[in-house]
Amino acid sequence: MSEAVPPHAWFGVSAVFHYLGPAFAVLLFPVVGVLGVAWFRIASAALVFAPITKPWRTFKKSSPRERLLLLALGGCLAVMNSSFYLALDRLPISLVAAIEFVGTTGIALWGLRTGRNYLAFAFATIGVTLLVDVPSLLAADGPALTSDLLGLFWAVLNGSLFVLYIILGHKISEGGASGGVERLGAAMTAAFIFVMPIGFVQALEAFGAPLLVLAGIAVGICSSVIPYVCDQLAMARLPRASFAFLLALLPATATIIGVIVLRQIPSAVDVLGVALVMIGVAVHKPSTMPVPAANDE
């Protein structure tokens, strides 16, 4: 049934929910806590995946190398989601999204040093520099400067782990979409184990308010279930080069959702910065491509 839908459509759904869920999460930060929301995101996703993908069976039938891959992806998801939310607590969602893709173009440049990738990395770096607004950052002092620098640290960490997620995500998607989703469910279970000591204390305080619990579960479904499943359905049928090109849409998606949900209105300079990042992501060329599935053209 999933093959009847074009892979680009699956990516489109993922692009919307990739930042719609986190935007809703930002609204919960004041009442649940940043790490508490991160815990709800991963816990609810693992709960949804478990009865469908049966992660215990996946781990049992996997080879030692595959189990290590699943654990690596789980650890990546746990730390990436937590650092993403810690960055969103201090920085606009458009900036955090843009920083994610400097790593994407940087890895392409590391693996394939061509003029095209040098140009792509330059576009993305200049775009992020405009979004960071360096003069304002240098003019800040005290708590404001500390918060901005800490936010940038978490954003850079999230961006680095996003690159790792793309690499590991393609590896677990090999062999078809259904197998990729099963392995994703197993990785999400591992992520839940990793995130348990990180955000459980904050999340526990919300259990006395059923509406907050439901909101936390909704954030998990919007942030981790829908986009990650759609990513797998798209990755299984798209070469890495095509998937990487489509990623150029995500900074714009983040900016639009930031405007609609969080009322984060970008300036003209911000729009230019996002546009440059999008150009960089679109121009860059990945160094490797996965083996096409049987139904690839």
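Contacts that link distant parts of the sequence dominate this predicted model: of the contacts in the protein chain with a separation of 6 or more, 86% are accounted for by residues 24 or more positions apart. The protein chain has 297 residues, and 49% of them count as buried. Its elements are 13 helices and zero strands, so that, read from the N terminus on, the run of elements is α-α-α-α-α-α-α-α-α-α-α-α-α.

## Confidence along the chain

The average pLDDT of the protein chain is 84, and 90% of the residues score at least 70. Among the elements, helix α4, which covers residues 64-88, has the highest mean pLDDT, at 92, whereas helix α7, which covers residues 134-139, has the lowest, at 66. Over residues 289-297 the pLDDT is below 50, and in the model this stretch has 12 contacts beyond near neighbours in sequence. Where pLDDT is low, the predicted coordinates should not be read in detail.

## The largest pocket

Rolling a probe the size of a water molecule over the atoms shows where empty space is left. The largest pocket found in this structure has a volume of about 290 Å³. It is lined by 19 residues, and those that lie nearest its centre are P92, L95, L131, V132 and D133. Which helices contribute to the lining of the largest pocket? At least two residues each are supplied by α5 (93-111), α6 (115-132), α7, α8 (142-173) and α12 (250-262), and the helix that gives the most is α5, with three residues. One of these contributors, α7, is also the element with the lowest mean pLDDT in the protein chain, and the reader may wish to keep that in mind when looking at this part of the lining. By class, the residues that line the largest pocket divide into 10 nonpolar, five polar and four charged.

## Two cavities

The structure also holds two cavities of 30 Å³ or more, and the table sets their volumes beside the classes of the residues that line them.

| Cavity | Volume | Nonpolar | Polar | Charged |
|---|---|---|---|---|
| Largest cavity | about 70 Å³ | four residues | four residues | two residues |
| Second largest cavity | about 50 Å³ | seven residues | two residues | one residue |

The largest cavity is lined by H18, R41, M80, N81, F84, E100, N158, F162, S223 and Y228. Helices α4, α8 and α10 (210-235) each supply at least two residues of this lining, and the largest share, three residues, comes from α4. Helix α4 is also the element with the highest mean pLDDT.

The lining of the second largest cavity consists of S14, A15, H18, F162, Y165, I166, D231, F243, L247 and L250, and the elements that give two or more residues to it are α1 (7-32) and α8. Residues H18 and F162 appear in the lining of the largest cavity and again in the lining of the second largest cavity.

## A residue beside the second largest cavity

S14, one of the residues that line the second largest cavity, is found in helix α1. Is S14 buried or exposed? S14 has a relative accessible area of 3%, and it therefore counts as buried. If its neighbours within four places in sequence are left aside, S14 is in contact with P227, C230 and D231; of these partners, D231 also belongs to the lining of the second largest cavity.

## Aromatic rings

A search of the whole structure finds 11 aromatic pairs. One aromatic cluster is formed by W39, F40, F192, F200 and F207. A pair of aromatic rings is described by the distance of the centres and the angle of the planes.

## Two residues with positive phi

Which residues other than glycine have a positive phi? Among them are K54, with phi near 50 degrees, and R263, with phi near 60 degrees. K54 has its place in the loop between α2 (34-53) and α3 (55-61), while R263 is found in the loop between α12 and α13 (268-283). Their accessibility can be set side by side: K54 counts as partly exposed because its relative accessibility is 27%, whereas R263 is exposed, because its relative accessible area is 61%.

Technical notes: Residues are numbered from 1 along each chain as its sequence is written. This is a predicted model: local features need pLDDT of at least 70, side-chain atom pairs count only at pLDDT 80 or more; totals for chains, interfaces and linings use all residues. Side-chain values use heavy atoms; hydrogens and water are left out. pLDDT is the predictor's confidence in each residue, from 0 to 100. Helices (H or I, at least four residues) and strands (E, at least two) are DSSP runs, numbered from the N terminus. Contact means heavy atoms within 4.5 Å. On a 1 Å grid over the protein atoms alone, a cavity is a set of points where a 1.4 Å probe fits but cannot get out, and a pocket is an open set with protein on both sides within 12 Å along at least five of seven lines; lining residues have an atom within 4 Å of a point. Grid points are joined across faces, edges and corners, and a volume is the space filled by probe spheres set on the points. Ala, Val, Leu, Ile, Met, Phe, Trp, Tyr, Cys and Pro count as nonpolar, Asp, Glu, Lys and Arg as charged, and the others, Gly among them, as polar. Rings of Phe, Tyr and Trp (its six-membered ring) pair if their centres lie within 6.5 Å; planes under 30 degrees apart count as stacked, over 60 as edge-to-face and the rest as tilted. Buried means under 20% relative accessible area, exposed over 50%, partly exposed in between (1.4 Å probe, protein chains only).
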